[in-house]
Amino acid sequence: MRILHIGYRLPPEPGGKEVFIERLSHEQMLRGHEVVVAHRRGDVPGGARVLPLARTAASRAVSRRSDVIAFAMECARTLRRAHRIDIVHAHGDHREALGLGSAARRAGIPLLIHVHGALTVRHRRIMPWAFRHTDGFIVAGERPREDLLAAGVPERRMRVIPGGLNLDHLAGFRERHPVEPGLIVSVGSLVEVKNHALTIEAFHRLRTDHPGARLVIAGDGPERARLERLAGTGRGIEFTGHIPADDVYSLVSRAQVVVHASQRLPSIGEGIPFALLEALALGTAVIVSSDASLGTAVADGSAYRVFRSGSVHDLVTHLRSVLDDEALCLEMIERGVRAVSNLDWRTVGDRIGEWYETLIADRSLAPVSAS
């Protein structure tokens, strides 16, 4: 099978979606598929072919408002001349669908849109029209699933599939590093949606009765200067910046707890936080905001704790219970490792491959509509 992955950014650009594209591409090439990648920024996975893109007068004009749409337009233009693409797997939302839908339909190639996070609420009215030529969807979690349903996408067009894990690799870190009591870790780009500011505020409150605790925030981004001001000059909070994946795994495996405080914003929200699935596999207790979704990937709700999004008090309460109750922490760890034991890349690759086959075989699906 010849698969075209379309992703605006790829590693080393930060983000779970970017990592997903890279790792899925590798898994598919291991299975003997030919992978072609179209991208704007980052590096193409080794062994994959590159879909060459060319700027046009139209795409330059559109890029002043949205370079993502301009990128999709350039992909669509090239797609009309591409040879033997069996399926287009576009990682994005209505913007990619808007640019690619008609071209994929004319070329007779199934278009799959992979929605990795919550959809913007600002463009809900145009989404049924934007998605009209989309054959199928993969969604990462309950939030994007609900958003697509609200946009008129039928349930039968969707598959909820989380990211895959390299379980053997992660297990090596779990067995190698002892836990450091009081170590709290947060992993994610330093952007507003991740809400690291709330984690910092909760940590300051926690330190009143846990003076030995420390918080390490792994990631980088435009919010760093503001977050460093919120952290203050006192001891206890460290920013690592962007570090390699194995360094993140070492850090998380040493942590007593990982916190993910993301919030839903009008323009963006979380799907299934990939870093949390890895944290569970690494044998670390997890506390997650109610605006992030783990339920569709982790069936055992006792494997992690959920706090009310935006509530510092709620987060501090959960942190104290995990840090102070060794039996609770051990139970969460055992349940967490077991809960993600079926999320290896082979299983995830099988599920995605089955959905590809369905979409390729069934070109008679009716166009997406708001009805």
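The second largest pocket in this predicted model holds about 260 Å³ of space. Its lining takes in 16 residues, and the ones closest to the centre are V179, G283, C329, L330 and I333. Helix 13 provides the largest share of that lining, 5 residues, and helix 12 (312–324) also puts in at least two.

G283 is a handy link to the next part of the story. This glycine follows helix 11 and has a positive phi, near 80°.

Helix 11 itself (residues 274–281) has 7 of its 8 residues buried, so the rest of the structure largely encloses it. The buried ones are F274, L276, L277, E278, A279, L280 and A281; yes, a glutamate is on that list. As for what they pack against, the partners include helix 1 (16–30), helix 7 (167–176) and helix 10 (245–254), along with strand 11 (257–260), strand 12 (285–289) and helix 13 (326–339).

There's also a cavity to look at: the structure has 1 of 30 Å³ or more, with about 70 Å³ of space in it. Helix 11 gives the most to its lining, 4 residues, while helix 10 and strand 11 each supply at least two. Among the lining residues are A275, L276, E278 and A279, plus Y249, H260 and L282.

Here's how the two linings break down by residue class:

| Space | Nonpolar | Polar | Charged |
|---|---|---|---|
| Second largest pocket | 8 residues | 4 residues | 4 residues |
| Largest cavity | 9 residues | 1 residue | 1 residue |

E278, then, turns up twice: buried in helix 11 and lining the largest cavity.

Key. Residues numbered from 1 in each chain as written. Predicted model: local features only at pLDDT ≥ 70, side-chain atom pairs only at ≥ 80, totals over all residues. Heavy atoms only, no water. Buried < 20%, exposed > 50% of the residue type's maximum accessible area, 1.4 Å probe, protein only. Contact = heavy atoms within 4.5 Å. 1 Å grid on protein atoms, 1.4 Å probe; cavity = no way out; pocket = protein on both sides within 12 Å on 5 of 7 lines; lining within 4 Å. Points joined across faces, edges and corners; volume = space filled by probe spheres on them. Nonpolar A, V, L, I, M, F, W, Y, C, P; charged D, E, K, R; others polar.
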